[in-house]
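The following exercises concern helix packing, pockets and cavities. Each task is followed by a solution in steps.

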Amino acid sequence: MKTTAVTVTDLRRSVIAVPPLARNADLSLNAQANAALLRHLEQGGVRSVMYGGNANFYNVAVSEYARIVDFLAEQAGPDTWVLPSAGPDYGKLMDQAAILKSRSFPTAMLLPMSFPFTDAGLADGIRRFSDAIARPVVVYIKASDYIAPSTLGRLVEEGRIAAVKYAVVRHDPAVDPYLSALLKAVDPRLMVSGIGERPAIVHCREFGLQSFTSGSVCVAPRGSMQLLRLLQEGRLPEAERVRAAYMPLEDCRDAISPIRVLHDAVTLAGVADMGPMLPLLTGLTDAERERVAPVARALLARDRDVLAA
């Protein structure tokens, strides 16, 4: 596992995969399936892997947190950046910080809080978490006005922020006054588009973001990495053509559930058996699986074509 401090080069070098976490029937960690998914990502060129919402870290018990993060660190290749998440509530955040402090992860992401919090209280929590793990952290922005631009700017100036995952869904991602305001306070090189392939091109073209997170990369890593390189090289028409292959699965995720569809899509595509979902989530219904299965398999087949080419 890569343990050196996170730089803007790290943020640009790879799509940041956001994979699900495989479980056995008894909900214990499925080591074989999780290792298989990680190898699939690495073989496709991915070198940044974030375990957050898609891995259902919201519901991971503190009692199994150390075992999970240690396993992920052990399985990662020597140049793969593993980014665990923590929180979202303050108590869980600090319990997990005590575990992370003694590990070599270069950073960790704070899962977004939905209620209750204030801007000043959120900033205080970020500072305390950063102090507790003795390294800068990743802030996950999933709702508009989640944190004031000036507050985030101060945290960056204090050296507490390694990156920002921006995942506010807009009807038109090109029209986003909150993102525009954040980018006036924060270096765009620290801001990562956080909603997969769908808005990645707009976030690059209109706002200057240079990388993105993805769930669908877990099915098709080579195409997603290809998309990133095309964006960075300014080859936008080619990027649009690559992105189009991901839209059927992204459409399923948006229509049903981003987390649940991705979890089962990895299984249905034949990458690895993710097993059941950790409560309080459930897997897809039979009808939903019938809709997702051919889409997931087609995306993986397309990715194998990229390899053959």
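**Exercise 1.** In this predicted model, determine which residues lie nearest the centre of the second largest pocket, and characterise its lining.

*Solution.*
Step 1. Seventeen residues line the second largest pocket, and those nearest its centre are Pro 88, Tyr 90, Leu 93, Leu 122 and Gly 125.
Step 2. The volume of this pocket is about 220 Å³.
Step 3. At least two lining residues come from each of α4 (90–100), α5 (119–133) and β5 (137–141). The element that gives the most is α5, with five residues.
Step 4. By class, the lining of the second largest pocket comprises 13 nonpolar, two polar and two charged residues.

**Exercise 2.** Describe the largest pocket by volume, central residues and contributing elements.

*Solution.*
Step 1. The largest pocket holds about 570 Å³ of space.
Step 2. Its lining has 26 residues, of which Lys 142, Val 169, Gly 194, Ile 195 and Pro 258 are the closest to the centre.
Step 3. Two or more lining residues are given by each of β8 (213–214), α11 (247–255) and α12 (258–269). The largest share, three residues, belongs to α11.
Step 4. The lining of the largest pocket divides into 11 nonpolar, eight polar and seven charged residues.

**Exercise 3.** State how many cavities of 30 Å³ or more the structure contains, and describe the largest and the second largest.

*Solution.*
Step 1. Four such cavities are found in a search of the whole structure.
Step 2. The largest cavity encloses about 50 Å³. Among the residues lining it are Pro 20, Arg 23, Asn 54, His 263 and Met 277. Six nonpolar, three polar and one charged residues make up this lining.
Step 3. The second largest cavity encloses about 40 Å³, with a lining that includes Leu 11, Trp 81, Val 138, Lys 165 and Thr 213. Strands β3 (81–86) and β6 (161–166) are the elements that give two or more residues to this lining; β6 gives the most, with three.
Step 4. Nine nonpolar, one polar and one charged residues form the lining of the second largest cavity.

**Exercise 4.** Classify the packing of helices α9 and α13 as roughly parallel or roughly perpendicular.

*Solution.*
Step 1. Helix α9 (residues 221–232) packs against helix α13 (residues 286–308) at an angle of about 65°, and their axes are 7 Å apart.
Step 2. Therefore α9 is roughly perpendicular to α13, because angles of 65 to 115 degrees fall in that category.
Step 3. On the α9 side, Pro 221, Arg 222, Gly 223 and Gln 226 meet Arg 302, Asp 303, Val 306 and Leu 307 of α13.
Step 4. This contact has three nonpolar, two polar and three charged residues.

Definitions and conventions: Residues are numbered from 1 along each chain as its sequence is written. This is a predicted model: local features need pLDDT of at least 70, side-chain atom pairs count only at pLDDT 80 or more; totals for chains, interfaces and linings use all residues. Side-chain values use heavy atoms; hydrogens and water are left out. Axes are lines fitted to C-alpha atoms, for helices over the stretch in contact, and angles run from 0 to 180 degrees between N-to-C directions. Helices (H or I, at least four residues) and strands (E, at least two) are DSSP runs, numbered from the N terminus. Angles under 35 degrees count as roughly parallel, over 145 as roughly antiparallel, 65 to 115 as roughly perpendicular and the rest as oblique. Contact means heavy atoms within 4.5 Å. Ala, Val, Leu, Ile, Met, Phe, Trp, Tyr, Cys and Pro count as nonpolar, Asp, Glu, Lys and Arg as charged, and the others, Gly among them, as polar. On a 1 Å grid over the protein atoms alone, a cavity is a set of points where a 1.4 Å probe fits but cannot get out, and a pocket is an open set with protein on both sides within 12 Å along at least five of seven lines; lining residues have an atom within 4 Å of a point. Grid points are joined across faces, edges and corners, and a volume is the space filled by probe spheres set on the points.
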